[in-house]
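Let's walk through this model together, beginning with its sheet and moving on to its helices. Please keep the sequence and the 3D view at hand as you read.

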Amino acid sequence: MSGAIDLNDIKRRMDGAITAFKGDIASLRTGRASANILDPVTVEAYGSRMPLNQVANITVPESRMLSVSVWDKSMVGAVDRAIRESHLGLNPIVDGQNLRIPLPELNEERRKSLVKVAHDYAEKAKVAIRHVRRDGMDGLKKAEKDGVIGQDDSRAQSEKVQKMTDDTISEVDRLLADKEKEIMQV
């Protein structure tokens, strides 16, 4: 069977959507502190926006506390501002070149809003997966129209693409359910 589309490339792109989704939900805060919480934070530094982990060291000294050690003393204010403006609900305490960030208890309302954010991330991942599927299907239709592959090959490959899509979306749903359970656990 001559391949009109690269199924491995489609699989790789769908896996990329899963990886991005895992990164997104890892940044959602549950009851335990994790350095990943600060992954979405960018700091105005040296004339451009940089990820926080490129201007400071992030550690977890205890289960409900994060510690951010800023490398350049002149950047402490910018890092503090970036964390406060990140919509993560965190209020750093500046201590010289270090910022201590106590993680507040999650109340029911906050947990529900985190679940909504997780659902938004999941929907974004599913849309990305469907875009990859559409690209694959369009490639197959074009190859069939151009006579590169026959109708039977096209149908067989489109079934493989659809199965990959279904499996990948099921993986997103499974990861979302796990994260939702983790967020709602008191």
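Which residue in β4 is the bridge partner of Glu 62? It is Met 65. Bear in mind as we go that this is a predicted model.

That pair belongs to a hairpin: β3 and β4 are joined with 2 residues between them. Strand β3 covers residues 56-62, and its pairing with β4 is antiparallel, over 5 bridges. Elsewhere along this pairing, you will find Ala 56 opposite Val 70 of β4.

Now turn to the pairing of β4 with β6. Strand β6 spans residues 98-102 and runs antiparallel to β4, with 5 bridges joining the two. One place to look is Ser 67, whose bridge partner in β6 is Arg 100.

With these pairings in place, the whole sheet can be traced. It is an open sheet of 4 strands in the order β3-β4-β6-β5, and the pairing is antiparallel. At the edges stand β3 and β5 (93-95); each has a single partner strand, so one side of each has no neighbour in the sheet. From one strand to the next, the twist averages 25°.

How enclosed is strand β4 by the rest of the structure? Of its 6 residues (65-70), 5 are buried, which means that the strand is largely enclosed. A helix also lies across this part of the sheet: α2, residues 76-84, crosses β4, β5 and β6, and runs at about 20° to β6.

Let's move on to the helices that pack against one another. Two packed helices are described by the angle between their axes and the distance between the axes. For α1 (residues 7-26) and α4 (residues 151-184), the angle is about 10° and the axes are 11 Å apart. Because angles under 35 degrees count as roughly parallel, α1 is roughly parallel to α4. On the α1 side, the contact includes Leu 7, Ile 10, Met 14, Ile 18 and Phe 21, while among the residues of α4 are Val 161, Met 164, Val 172 and Leu 175. The residues of this contact divide into 12 nonpolar, 3 polar and 5 charged.

A last stop is Lys 126, found in helix α3, residues 108-145. Is this lysine buried or exposed? Its relative accessibility is 14%, so Lys 126 counts as buried, the cut-off being under 20%. Leaving aside residues up to four places away in sequence, Lys 126 touches Ile 169, Val 172 and Asp 173. You have already met Val 172, in the contact of α1 with α4.

Notes: Residues are numbered from 1 along each chain as its sequence is written. This is a predicted model: local features need pLDDT of at least 70, side-chain atom pairs count only at pLDDT 80 or more; totals for chains, interfaces and linings use all residues. Side-chain values use heavy atoms; hydrogens and water are left out. Buried means under 20% relative accessible area, exposed over 50%, partly exposed in between (1.4 Å probe, protein chains only). Two strands pair if DSSP finds at least two bridges between them. Contact means heavy atoms within 4.5 Å. Axes are lines fitted to C-alpha atoms, for helices over the stretch in contact, and angles run from 0 to 180 degrees between N-to-C directions. Angles under 35 degrees count as roughly parallel, over 145 as roughly antiparallel, 65 to 115 as roughly perpendicular and the rest as oblique. Ala, Val, Leu, Ile, Met, Phe, Trp, Tyr, Cys and Pro count as nonpolar, Asp, Glu, Lys and Arg as charged, and the others, Gly among them, as polar.
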